[in-house]
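Got your viewer open? Load the model and keep the selection tool handy.

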Amino acid sequence: MAKIPEMFDRVTQFFSEALTRIFSPPEDKDYPEIGVQPFEGDAYRKTSKGSD
């Protein structure tokens, strides 16, 4: 009977650690510094059927 509270504590700890890992920010904060990318292309222009 003494093992039931111990097992309950282990199960509670297991789920609390899992929830902490799910809802905490990521530990790897080595995001690449890409910055702002310039636009290199033609702007979209909607044309009508008879304008060609």
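Here's a short tour, from the whole chain down to a pair of rings.

Start with everything selected. This is a predicted model, and its protein chain has 52 residues, of which 0% count as buried. Switch on a surface: the chain exposes about 6,100 Å², with 59% of that coming from carbon and sulfur atoms. Now go to cartoon view, where you'll find one helix and zero strands.

Next, select residues 3-23, which make up helix α1. M7 sits in this helix, so pick that residue now. Is M7 buried, exposed or partly exposed? Its relative accessibility is 48%, and since the exposed class needs over 50%, M7 counts as partly exposed.

Keep M7 and add V11, F14 and F15: the four form a nonpolar patch on the surface. Together they offer about 430 Å² of accessible area.

Now narrow the selection to F14. With 55% relative accessibility, F14 counts as exposed.

Last stop: bring F15 back alongside F14. The structure holds one aromatic pair. The ring centres of F14 and F15 are 5.5 Å apart and the planes meet at 80°, so this pair is edge-to-face.

Terms used: Residues numbered from 1 in each chain as written. Predicted model: local features only at pLDDT ≥ 70, side-chain atom pairs only at ≥ 80, totals over all residues. Heavy atoms only, no water. Patch = residues over 30% accessible without salt bridge, like charges linked within 9 Å, V, L, I, M, F, W, Y side chains within 5 Å. Areas by Shrake-Rupley, 256 points an atom, 1.4 Å probe, with all protein chains shown as cover. Salt bridge = Lys/Arg side-chain N within 4 Å of Asp/Glu carboxyl O. Helix = DSSP H or I, 4+ residues; strand = E, 2+ residues; numbered from the N terminus. Buried < 20%, exposed > 50% of the residue type's maximum accessible area, 1.4 Å probe, protein only. Phe/Tyr/Trp six-rings, centres within 6.5 Å; stacked < 30°, edge-to-face > 60°.
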